[in-house]
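Hi,

Here is the structure I said I would pass on. Have a look at it first, and then read my notes underneath.

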Amino acid sequence: MILSHIVAVAKNDVIGGNNTLPWDIPEDMKFFREKTKGKAIIMGRKTFDSVGHPLPQRLNIVVTRQADFKPAAPNVVVRPNIEAAVEYAKSQTSKYGEEIFIIGGGEIYKQSLPMVDVIYLTRIHKEFPGTVLYPKVSPTEFELVEQRDRTEPVPFSFLTYMRRR
Ligand SMILES: NC(=O)c1ccc[n+]([C@@H]2O[C@H](COP(=O)([O-])OP(=O)(O)OC[C@H]3O[C@@H](n4cnc5c(N)ncnc54)[C@H](OP(=O)(O)O)[C@@H]3O)[C@@H](O)[C@H]2O)c1
């Protein structure tokens, strides 16, 4: 099992605010879709609410502390903490593959950073206003193993970090 973050982060570490994404970068959305297609994805309840529906062709797992949380859509698995969400995703690897993706938001990324093996981090080289931040990636804990630079519609880079062992 490989546990991964996939996240887009502005130069000032902003990832969102007001329950929305501050940018529209089609190539990054395509990267997200292709990486997570057919896989298990774990998200916080606020991120699930902001998307508004389960993402198709993926095992959607939502984390909430609300014991009575009922998602407004079918085909969504609800778990009471991140560990239970990961355990459930692990039990489904024969169907959804060995890589499990944590797709946000800020609270869930922060709490699960110590657990992850890989971070797919799209760094947008521009500051954006927002209140939700991604934590600093420590270079002593993670090694940058891949970088692909892009220019449209704003300068950004696809970065892959792997946990140092
Ligand atoms: N740039 C990106 O790549 C990216 C990706 C995803 C999201 N985002 C943005 O991030 C923002 C949302 O992030 P956020 O930090 O506000 O919210 P979030 O992390 O999506 O969700 C927080 C919610 O998750 C539940 N939760 C958190 N920790 C938990 C735990 N240990 N056990 C059980 N449940 C737990 C709680 O739900 P209950 O309140 O129901 O208990 C909490 O209110 C939005 O603006 C979104 O657009 C950006």
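Below is what turned up, starting with the ligand and ending with some backbone oddities.

Keep in mind that this is a predicted model.

The ligand first. It sits in the largest pocket, with 28 residues around it. Arg45, Thr47, Thr64, Gln66 and Gln111 are the closest of these. If you sort the shell by class, you get 13 polar, 11 nonpolar and 4 charged residues.

Which elements supply at least two residues each to that shell? They are β1 (2–10), β2 (14–16), α2 (45–51) and α5 (106–112). The top contributor is α5, which gives 5 residues.

A few polar contacts are worth pulling up on screen:

- Arginine 45 uses its side chain: one of its polar atoms is 2.7 Å from a ligand oxygen.
- Glycine 105 comes in through its backbone, with a polar atom 3.0 Å from an oxygen of the ligand.
- Proline 80 also has a polar backbone atom in play, this one 3.3 Å from a ligand nitrogen.

As for how covered the ligand is, it would expose 940 Å² taken alone, and the protein buries 89% of that.

Now the pocket itself. The largest pocket holds about 1,200 Å³ of space and is lined by 44 residues. Closest to its centre are Thr47, Ser50, Ile103, Gly104 and Gly105. Two or more lining residues come from each of β1, β2, α1 (26–36), α2, α3 (82–91) and α5. The lining splits into 20 nonpolar, 16 polar and 8 charged residues. Thr47 is worth a second look, being among the closest residues to the ligand and among the closest to the pocket centre.

Then the backbone. Where are the cis peptide bonds I noted? One runs from glycine 104 to glycine 105, with omega near -5°. Glycine 105 is in the loop between β6 (99–102) and α5, and this is the residue whose backbone approaches a ligand oxygen at 3.0 Å. Another cis bond links glutamate 152 to proline 153, with omega near 0°. Proline 153 belongs to the loop between β9 (142–150) and β10 (156–163).

One last item: asparagine 18 has a positive phi of about 50°, despite not being a glycine. You will find asparagine 18 in the loop that joins β2 and α1.

Cheers

Note on methods
Residues are numbered from 1 along each chain as its sequence is written. This is a predicted model: local features need pLDDT of at least 70, side-chain atom pairs count only at pLDDT 80 or more; totals for chains, interfaces and linings use all residues. Side-chain values use heavy atoms; hydrogens and water are left out. A residue is near a molecule or strand if one of its heavy atoms lies within 4 Å of it. A polar contact is a pair of N or O atoms within 3.5 Å; within protein, one must be able to donate a hydrogen and the other to accept it, and residues adjacent in sequence count only if both atoms are side-chain atoms. Accessible areas come from the Shrake-Rupley method with a 1.4 Å probe; for residues, only the protein chains shown count as cover. On a 1 Å grid over the protein atoms alone, a cavity is a set of points where a 1.4 Å probe fits but cannot get out, and a pocket is an open set with protein on both sides within 12 Å along at least five of seven lines; lining residues have an atom within 4 Å of a point. A molecule sits in a cavity or pocket if more than half of its atoms lie within 2 Å of its grid points. Helices (H or I, at least four residues) and strands (E, at least two) are DSSP runs, numbered from the N terminus. Ala, Val, Leu, Ile, Met, Phe, Trp, Tyr, Cys and Pro count as nonpolar, Asp, Glu, Lys and Arg as charged, and the others, Gly among them, as polar. Grid points are joined across faces, edges and corners, and a volume is the space filled by probe spheres set on the points.
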